[in-house]
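Colleague: I would like to learn how to read the features of a model like this one. Please take them one at a time, the general idea and then the case at hand.

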Amino acid sequence: MNFGDILDKWEAGGHKAIVDKDAAAQKSADKKKMSSASYVQKLPPQDSLDLHGMTQEQAWKALNDFVAAAKFRGLKKILIIHGKGIHSQDSKGALTELVKRFIEGDQRLGAYGFSDKEHGGSGATWVAVRQ
């Protein structure tokens with residue numbers, strides 16, 4: 001078989017991809033761990049976004065940009081600081097609800113929950129970024 005025959009066979013799809021089984025197994029194990037809220041909760045946040053003082057429209061855009069950048073950078077866990085809503089009339093916090101809706105509707109994000117006291121308690125939400 002000459003080079004031309006080999007090239008023709010390659011271009012026709014006759015080649016077989018080389019698969020690193022160890023790397024594939026590690027990637028699968030990492031993906032499974034990152035889907036566990038208890039595992040992700042223990043990781044420190046790798047970056048944070050503070051939404052204080054933003055309107056809902058500004059916050060939504062900031063969230064979208066922040067998540068895009070976090071995914072591009074390969075971050076596993078981020079922190080979104082939205083406040084507790086102590087200055088809002090209903091004490092629920094408009095940004096808290098907005099953040100929840102954003103996370104639940106965004107395919108790039110996974111498990112999430114309120115932060116520990118060290119990182120803001122119920123005034124901040126940690127989120128796993130899907131890779």
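**Reading the model**

Modeller: Start with exposure: Phe3 counts as exposed because its relative accessibility is 64%. Buried means under 20% relative accessible area, exposed over 50%, and partly exposed in between, with a 1.4 Å probe and protein chains only. This is a predicted model, in which local features need pLDDT of at least 70 and side-chain atom pairs count only at pLDDT 80 or more, while totals for chains, interfaces and linings use all residues. Residues are numbered from 1 along each chain as its sequence is written, and side-chain values use heavy atoms, with hydrogens and water left out.

Colleague: In which element is Phe3 found? And how many helices and strands are there in the protein chain?

Modeller: Helices (H or I, at least four residues) and strands (E, at least two) are DSSP runs, numbered from the N terminus. Phe3 is found in helix H1, residues 3-11. The protein chain has 5 helices and 4 strands, and their order from the N terminus is α-α-α-β-α-β-α-β-β. Of the 131 residues in the protein chain, 30% are buried.

Colleague: What can be said of contacts between residues far apart in the chain?

Modeller: Contact means heavy atoms within 4.5 Å. Take the contacts in the protein chain with a separation of 6 or more: 60% of them are between residues 24 or more positions apart.

Colleague: Next, the interior. Which residues have the most contacts inside the largest nonpolar core?

Modeller: A nonpolar core is a set of buried Ala, Val, Leu, Ile, Met, Phe, Trp, Tyr and Cys residues joined through side-chain atoms within 4.5 Å. The largest one here has 19 residues, and Leu51, Leu63, Ile78, Ile80 and Leu109 have the most contacts inside it. At least two residues of this core come from each of helix H4 (56-73), S2, H5 and strand S4 (124-129). H4 gives the largest share, 6 residues. Apart from this core lies another, of 6 residues, including Val40, Leu79, Ala111 and Ala128.

Colleague: With which residues is Leu109 in contact?

Modeller: Neighbours within four places in sequence are left aside; the partners of Leu109 are then Val67, Ile78, Phe102, Ile103, Val127, Ala128, Val129 and Arg130.

Colleague: Now a polar residue. Is His82 buried or exposed, and where does His82 lie?

Modeller: His82 is in the loop between strand S2 (77-81) and helix H5 (94-105). Its relative accessibility is 5%, so His82 counts as buried. A polar contact is a pair of N or O atoms within 3.5 Å; within protein, one must be able to donate a hydrogen and the other to accept it, and residues adjacent in sequence count only if both atoms are side-chain atoms. The side chain of His82 has a polar contact of 2.7 Å with that of Thr125. Beyond four places in sequence, the residues in contact with His82 include Leu51, His52, Val99, Phe114 and Gly123.

Colleague: Gly123 appears in that list. What surrounds Gly123 itself?

Modeller: Gly123 lies in the loop between strand S3 (109-114) and S4, and is buried, with a relative accessible area of 5%. Again without neighbours within four places, Gly123 is in contact with Ile80, Ile81, His82, Gly83 and Lys84. Gly123 and Ile81 are 42 residues apart in sequence, yet 6.1 Å apart in space, C-alpha to C-alpha.

Colleague: Last, the charged pairs. How many salt bridges are there?

Modeller: Side chains of opposite charge can pair when their charged atoms come close. A salt bridge is a side-chain nitrogen of Lys or Arg within 4 Å of a carboxyl oxygen of Asp or Glu. By this rule there are 3 salt bridges. One of them pairs Arg73 with Asp47, with 2.8 Å between the closest N and O atoms. Arg73 lies in helix H4 and Asp47 in strand S1 (residues 47-50), so this pair ties together parts that are 26 residues apart in sequence. Asp47 is partly exposed, at 26% relative accessible area.

Colleague: Where do Asp65 and Lys61 lie?

Modeller: Both are in helix H4, 4 residues apart, about one turn of the helix. Asp65 and Lys61 form a salt bridge, and their closest N and O atoms are 2.9 Å apart. Asp65 is partly exposed at 41% relative accessibility, and Lys61 is exposed at 53%.

Colleague: And what joins the side chains of Arg108 and Asp106?

Modeller: A salt bridge, at 2.6 Å from N to O. Asp106 is in the loop between H5 and S3, and counts as buried because its relative accessibility is 11%.
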